[in-house]
Amino acid sequence: MTRASLDKQPHEVASMFDDVAERYDLTNDVLSLGQDRRWRKEVAKAVDARPAQKILDLAAGTGTSSMPFARAGAYVVPCDFSQGMLRVGKRNNAWLPYTAGDATRLPFKNDVFDAVTISFGLRNVQDTDAALREMHRVTRPGGRIVICEFSHPTWAPFRTVYTEYLMRALPPVARTVSSNPDAYVYLAESIRDWPDQPALAGRLQGAGWSKVAWRDLTGGVVALHRGFKES
């Protein structure tokens with residue numbers, strides 16, 4: 001795969017996720033060695049959803065990431081640009097208000113949500129900065145953003161091993177469990193080329209978010225970034 005293969009159009013990325021929707025959650029569980037469950041628990045803690053709050057869960061896929069917010073009593077809107085993902089989610093949890101939407105042009109009014117969160121989806125958005133600005137727009141003053149995304153391990157020897165896993169081991173494993181293993185080759189490339197923790201924090205600040213901070217999970221394999229919209 002060449003670097004140009006990452007320059008997919010939005011409809012191409014949506015189609016790719018449509019193709020993997022049926023076994024998406026299982027595949028993620030296998031490829032992350034079960035770590036994705038822990039990461040999602042940390043996201044839920046960081047979002048800290050409360051009863052009657054409005055939470056926007058972007059790149060929600062089948063809605064797995066939205067369930068902790070719903071269980072906390074919040075009104076959560078799972079939003080994704082993949083119709084295939086939304087169909088699978090609607091089949092499993094029809095009561096959730098699944099919404100089709102592009103992260104760079106969100107179909108919501110200004111200052112609506114108490115919190116906006118996106119897990120493992122921001123790097124697949126064609127215009128990251130536009131998406132961060134849109135998330136800022138739909139968040140109420142005093143509200144918060146939580147981003148969970150693959151990042152860069154902080155310990156150099158581990159970073160080398162991790163990169164080797166991404167580029168060599170992940171695709172063969174994906175072939176055994178995924179309905180579209182080629183999609184996971186693209187995902188491996190996108191993880192490797194994603195900005196590191198300080199760079200993403202800078203982009204959040206550039207989009208208007210304040211008090212931006214991050215916390216590494218699993219040695220920096222994943223990072224949780226958090227910010228606030230000034231009152």
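Is tyrosine 162 buried or exposed? Tyrosine 162 is buried, with a relative accessible area of 9%. Keep in mind that this is a predicted model. Here's a quick look at its nonpolar cores and its aromatic pairs, with phenylalanine 150 turning up in both.

**Nonpolar cores**
- The largest nonpolar core counts 27 residues, and Val47, Ile55, Phe150 and Val222 have the most contacts inside it.
- Two or more residues each come from α3 (35-47), α4 (67-71), β5 (139-150), α7 (156-177), α8 (181-192) and β7 (222-228).
- Helix α3 gives the largest share of this core, with four residues.
- Another core lies apart from that one; it has 25 residues, including Leu58, Val125, Ala131 and Leu132.

**Around phenylalanine 150**
- Setting aside neighbours within four places in sequence, phenylalanine 150 touches Trp39, Phe120, Arg123, Tyr162, Ile191, Trp194, Val221 and Val222.
- Ring pairs also join Phe150 with Trp39 and Phe120 in a cluster.

**Aromatic pairs**
- There are five aromatic pairs in the structure.
- One of them is phenylalanine 120 with phenylalanine 150, a tilted pair at 4.8 Å centre to centre with 45° between the planes.
- Phenylalanine 120 sits in the loop between β4 (113-119) and α6 (128-138) while phenylalanine 150 is in strand β5, so this pair ties together parts 30 residues apart in sequence.
- Both phenylalanine 120 and phenylalanine 150 are buried.
- Phenylalanine 158 and tyrosine 162 make a tilted pair too, with ring centres 6.3 Å apart and planes at 35°.
- Those two residues, phenylalanine 158 and tyrosine 162, are both in helix α7, four residues apart, or about one turn of the helix.
- Phenylalanine 158 counts as partly exposed, at 29% relative accessibility, whereas tyrosine 162 is buried.

Terms used
Residues numbered from 1 in each chain as written. Predicted model: local features only at pLDDT ≥ 70, side-chain atom pairs only at ≥ 80, totals over all residues. Heavy atoms only, no water. Core = buried A, V, L, I, M, F, W, Y, C linked by side-chain atoms within 4.5 Å. Buried < 20%, exposed > 50% of the residue type's maximum accessible area, 1.4 Å probe, protein only. Contact = heavy atoms within 4.5 Å. Phe/Tyr/Trp six-rings, centres within 6.5 Å; stacked < 30°, edge-to-face > 60°.
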